[in-house]
Amino acid sequence: MASAIHPSDPLAADGRGWRLAGRLYMAVGYFFLVLPIATMIVFSFQKGQFASIPGQGWTFQWYGKLFDDGTLLAALLNSLIVSPLAATGACVLGFLAAYSIHRFRFWGRGAFSVLLVLPVLIPPLILGVAFLGLLSRIGLQGQLSSVILTHMVVITAPAMAVIQLRLGQMPSSLEEAAWDLGATQFQTLYKVVLPFALPGIAGGWLLAFTFSFDEFIIAWFVSGFEQTLPVAVYAYIVGSVDPSLNAVGSIVFALSMLSLIGVELLLFPILLSQYRSGDD
Amino acid sequence: MNVISDIAAPQVDLELRGIAKNFGDFVALEHVDLSIERGEFVAIMGPSGCGKTTLLRIVAGLESMSSGQLLLRGQDISALPVHKRSTRLVWQNFALFPHLNVRQNIAFGLTLGRHDKAAVKAKVDEIAELVQLGQFLDRRVSQLSGGQKQRVGIARALVTEPEILLLDEPLSALDAHLRIRMQSEMKRLQQRLGLSFLYVTHNQSEAFSMADRVVVMNKGRIEQYGPPEEIYTRPRTHFVAEFVGSNNIFDGKVVDMQDGLIRVQCADAIISAAAGERPPGKGSTVSLVVQADKVRSSPIGMPGENMLGAVLSGREFTGSQVIYYLETASGGEVKMVAQEPFSQTGRAAINMAMQLYWSPADTVVLRPNIVPGVENMPGRHSYVALGT
């Protein structure tokens, strides 16, 4: 369409060809990405036991079976306890760590920030084994709290990164202005820094939640009988293949999408815009 | 603590005694003494890096000092943390709280402790009226213009009834037109409140138009402290003469002294100056300062004092006046400011030879001297004015 503006341009026809090829490539890419998910969602509403051409009629029976069976649903509920709590804990730790790194120059500051990111760099398999060893020694293995704690270790870093990005946009004069007007350090933290960082904290929370909600390997090691959803799904697949899995997948997909859309709506406008207030 | 407060005169608002600040090896402030009287508008001016902002931040309590003492209305506040000082800062970048609206921004300092909501509201309304923000109280800060933002910054500080207001280049983020309007507004506000203002700026016209007294700083030291007129017409040091206005500076040796005049052999001519009360001896090295608007041109060959031949090298028409740049035989530059393009010699052409003169009474004599208080620091020479 844009090329129609320059009909006499000899390059236009050529450009149109490239544009078309690019769009085709993109369409193919999206098709391969979305097809499995779409298939999963479609088959979660199909009557047939096996994946074949759709047309056996629509049903909610697999969702019903899920609710009747209970294991996957219980695991989903477990995940809905673990992930929000782990994300909240990660944000508390992440905010405090990000603020101290942002605000103070102290001995070992560089080492401290590396230490906070380290859990992300270690392969989860190794972390999982290590956590299991540690937790069973102190009698904390196989509980929901052990999953919460281990997830916090891993998702604090991404949460902190997002919060740090937001704090980086805060001019130092903002805090100084609060002190100058008579606010104590704590009042400043509570009345100025926290409100300023809030969008970053919300974004960090959603990111951390998504990470925890999808996390399988560490949870598989430490969850024991209190399975989270990915662990339960794995156990289910090992036993049998049945369209209930499609129903679980659809639910998980919907939840992940919701939190991702939340990240998109909350976080990106803030991170992409400059600090706008008193500024230049 | 209170022994000192008895010595300080009661009408002095702020007194700085021997403030020094080092950042590692870098000396940001050397030994600053300064006193500001109640209700006085004092401007600190100097090139960037001269320590003026550091000094202001030390007074506010945002920066520690290496040594020295701060007295606010006779009280030693040197050890008080920033949030306990009754000084308030107005920021160059406004530093308004983006999550609060205008009313909440102004009320911030009043709502930190226990407070009466109705009283806070009344106070905010009153101060907003004073700075003409009455109809903007419910706006978001991001919806305001630069000038309005700075009004919020000022209101937010004033509402807490500070004992002195510190302003760190508050107008430099505004455009030139607005800046000039805000200058007179701020001056009126200051006079109406009778509050002391300590105002940091690098802008000379801003300092001169608003301040009762001006501090000129350079390399962490105060070069001169006095009314704007004095800074302008009687610079005390070489630096001030160079930094302020458009001064011509001639270096030379005293060769003769008679009838209250000293004669100084400079590169191009012998220049006469009023000797003053404490004239430099024969043979001593001095610098002579002549304001560009005191320099006149005369027909070539006319006899008299302070005749200097020069060639016109450039001309700048600024509307109300013309600045002429001339070059002397030795290559020195002389500036002359005339209220109108000259008529008697016709329109001055580039490379035209001219003769300049000025009155010996308009020639300020600076003698190189060792800065008082730092005699034992080799290499720290400065010029100190004589006969003032």
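Biologist: Is Asp125(B) buried, partly exposed or exposed?
Modeller: Keep in mind that this is a predicted model. The cut-offs put buried under 20% and exposed over 50% relative accessible area. Asp125(B) comes out at 25%, so the label for Asp125(B) is partly exposed.

Biologist: Which residue forms a salt bridge with Asp125(B)?
Modeller: Helix 4 of chain B holds the pair, and the partners are four residues apart, which means about one helical turn separates them. The partner is partly exposed, with a relative accessible area of 45%. The closest N and O atoms are 3.1 Å apart, and the residue that pairs with Asp125(B) is Lys121(B).

Biologist: What does Lys123(B) in helix 4 of chain B pair with?
Modeller: Lys123(B) forms a salt bridge with Glu161(B), with 3.4 Å between the closest N and O atoms. This pair links distant parts of the chain, 38 residues apart, with Glu161(B) in the loop between helix 5 and strand 7 of chain B. Lys123(B) is partly exposed at 31%. The partner is exposed, with a relative accessible area of 56%, and that partner is Glu161(B).

Biologist: Is Glu15(B) buried or exposed?
Modeller: Glu15(B) forms a salt bridge with Arg17(B), the closest N and O atoms being 3.2 Å apart. Arg17(B) has a relative accessible area of 22% and is partly exposed. Glu15(B) has 18%, and since the cut-off for buried is under 20%, Glu15(B) counts as buried.

Biologist: How many salt bridges does the structure hold over all chains?
Modeller: We've just met the pair Glu15(B) and Arg17(B), and the pair Lys121(B) and Asp125(B). Over all chains, the total is 17.

Biologist: What span does helix 6 of chain B reach from its first C-alpha to its last?
Modeller: Helix 6 of chain B runs over residues 176-193, which makes 18 residues. At 1.5 Å a residue, the expected value is 26 Å, and the helix is close to that. Just after the helix, Gly194(B) takes a positive phi of about 65°. The span of helix 6 is 26 Å.

Biologist: Which residues does Glu185(B) touch, not counting those up to four places away in sequence?
Modeller: Glu185(B) sits in helix 6 of chain B. Glu185(B) is buried, with a relative accessible area of 18%, and other buried residues in this helix include Leu178(B), Met182(B) and Met186(B). What covers the buried residues of the helix includes helix 4, helix 5 and strand 7 of chain B. The residues that Glu185(B) touches are Gln132(B) and Arg151(B).

Biologist: How many helices and strands does chain B have?
Modeller: Chain B has 388 residues, of which 52% are buried. Among its contacts between residues at least 6 apart in sequence, 65% join residues at least 24 apart. The count for chain B is nine helices and 21 strands.

Biologist: And what about chain A, how many helices and strands are there?
Modeller: Of the 280 residues of chain A, 43% count as buried. Read along the sequence, chain A follows a pattern of α after α. The count for chain A is eleven helices and zero strands.

Biologist: What share of the area that chain A exposes do carbon and sulfur atoms supply?
Modeller: One nonpolar surface patch, of about 540 Å², includes Val114(A), Leu118(A) and Leu121(A). Leu121(A) belongs to helix 4 of chain A, and is exposed, with a relative accessible area of 63%. Chain A exposes about 15400 Å², and the carbon and sulfur share is 74%.

Biologist: How much area do chain B and chain A bury between them?
Modeller: The size of an interface is often given as the accessible area lost when the parts come together. Here the contact takes 26 residues from chain B and 23 residues from chain A. Carbon and sulfur atoms carry 62% of the buried area, and the amount is about 2100 Å².

Biologist: Which side chains meet in a salt bridge between chain A and chain B?
Modeller: Across the interface of chain B and chain A, the rule finds one salt bridge. The N to O distance is 2.7 Å, and the side chains that meet are Glu176(A) and Arg57(B).

Conventions:
Residues are numbered from 1 along each chain as its sequence is written. Chains are lettered from A and ligands numbered from 1 in the order in which they are written. This is a predicted model: local features need pLDDT of at least 70, side-chain atom pairs count only at pLDDT 80 or more; totals for chains, interfaces and linings use all residues. Side-chain values use heavy atoms; hydrogens and water are left out. Helices (H or I, at least four residues) and strands (E, at least two) are DSSP runs, numbered from the N terminus. Buried means under 20% relative accessible area, exposed over 50%, partly exposed in between (1.4 Å probe, protein chains only). Contact means heavy atoms within 4.5 Å. The expected span of a helix is 1.5 Å times one less than its number of residues. Patches are made of residues with over 30% relative accessible area and no salt bridge: like charges are joined within 9 Å, nonpolar side chains (Val, Leu, Ile, Met, Phe, Trp, Tyr) within 5 Å. Accessible areas come from the Shrake-Rupley method with a 1.4 Å probe; for residues, only the protein chains shown count as cover. A salt bridge is a side-chain nitrogen of Lys or Arg within 4 Å of a carboxyl oxygen of Asp or Glu. Buried area is the accessible area (1.4 Å probe) that two parts lose on being put together, summed over both.
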